Amino acid sequence: MPRLRQFIFLLLTCLLVLSMQKGAYSQFRKAQIEPPAREAEAEEEVQAPMTADEGADKNRFYDPRNPDHATLQKGEEMRTQLPLDKRGAVDWMAALRSGAIKPRTDLTNSKPHQVLNLDIILKNTKEMPWVRFPHNSHTEWLACSNCHDSIFVPKAGANEISMEKIFRGQFCGVCHDRVAFVTHNSCERCHSVPHANSKQWW
């Protein structure tokens, strides 16, 4: 008797599956739950890439539902008080050196900046001028631990840097093209050391 019950149960299960495949219960498969429109927009805003050239507010950096939204300084207002480069983006180094901004070393600003005056010349640039990486302009507001060892291995030749990787957000691209100046609009700011085979085309 138990075997007969098992057989009947198995038979009914198979019939149910077959009938669903033939569309007998298709009305159940058509039902879909749509997310609320506002939540879908919020997801798009979070996923959209933010670049250094996008100085405008456009509600991408602020939540208009925040009760203090009206009191927060907006991006365009901030930009009017900072020096801009020749392309109209904020020149953060000029802002730092002019005193327009004063970055803290930490939340309490209790530690002094440890500025390292060391230039690294990267020569694997083919016909482009070599790249001068100035440690001082980076360590004037960043601790060494921001980059070493998670982004750059502090050893000559240990980092296989390429423009493709930078554009994909690796190496220099962790900050540049996102917070710091946009690389593909500012070649000369990095490729600043001419050599015998270089062509300065900008």
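**Reading the labels in a predicted model**

Q: Why is histidine 135 called buried or exposed in this predicted model?
A: Histidine 135 has a relative accessibility of 14%, and because the label buried applies under 20%, histidine 135 counts as buried.

Q: What surrounds histidine 135, leaving aside its neighbours within four places in sequence?
A: Histidine 135 lies in helix H6, which covers residues 135–139, and beyond those sequence neighbours it is in contact with Leu116, Leu118, Asp119, Ile120 and His148. The C-alpha atom of histidine 135 is also separated by 7.8 Å from that of valine 115, a residue 20 places apart from it along the chain.

Q: How do you know whether cysteine 147 is bonded or not bonded to the closest cysteine sulfur?
A: The closest cysteine sulfur to that of cysteine 147 belongs to cysteine 175 and is 6.3 Å away; since a disulfide requires the two sulfur atoms to be within 2.5 Å, this separation is too far for a bond.

Q: What makes cysteine 172 bonded or not bonded by the rule for disulfides?
A: The sulfur of cysteine 172 has its closest cysteine sulfur in cysteine 190, at 6.6 Å, and set against the cut-off of 2.5 Å this too is too far for a bond. By this rule the count of disulfides in the model is zero.

Q: Why do cysteine 147 and cysteine 172 count as partly exposed?
A: The relative accessible area is 24% for cysteine 147 and 25% for cysteine 172, and because partly exposed covers the range between under 20% and over 50%, the label applies to cysteine 147 and to cysteine 172.

Q: Which residues make up the largest nonpolar core?
A: This core has six residues, namely Leu82, Val90, Met93, Ala95, Leu96 and Ile101. Not counting residues up to four places away in sequence, isoleucine 101 touches Leu82, Trp92, Ala95, Leu96 and Trp141.

Q: What makes strands E1 and E3 edge strands?
A: The three strands form an open sheet in the order E1-E2-E3, with antiparallel pairing. Strand E1 (119–122) and strand E3 (191–193) each have a single partner strand, so one side of each is left without a neighbour in the sheet. From one strand to the next, the twist averages 55°.

Q: How do you know that E1 and E2 pair?
A: Pairing asks for at least two bridges, and four bridges join E1 to strand E2 (residues 130–134), so the two strands meet the criterion and, as they run, are antiparallel. Isoleucine 121, for instance, has arginine 132 in E2 as its bridge partner.

How values were computed
Residues are numbered from 1 along each chain as its sequence is written. This is a predicted model: local features need pLDDT of at least 70, side-chain atom pairs count only at pLDDT 80 or more; totals for chains, interfaces and linings use all residues. Side-chain values use heavy atoms; hydrogens and water are left out. Buried means under 20% relative accessible area, exposed over 50%, partly exposed in between (1.4 Å probe, protein chains only). Contact means heavy atoms within 4.5 Å. A nonpolar core is a set of buried Ala, Val, Leu, Ile, Met, Phe, Trp, Tyr and Cys residues joined through side-chain atoms within 4.5 Å. Axes are lines fitted to C-alpha atoms, for helices over the stretch in contact, and angles run from 0 to 180 degrees between N-to-C directions.
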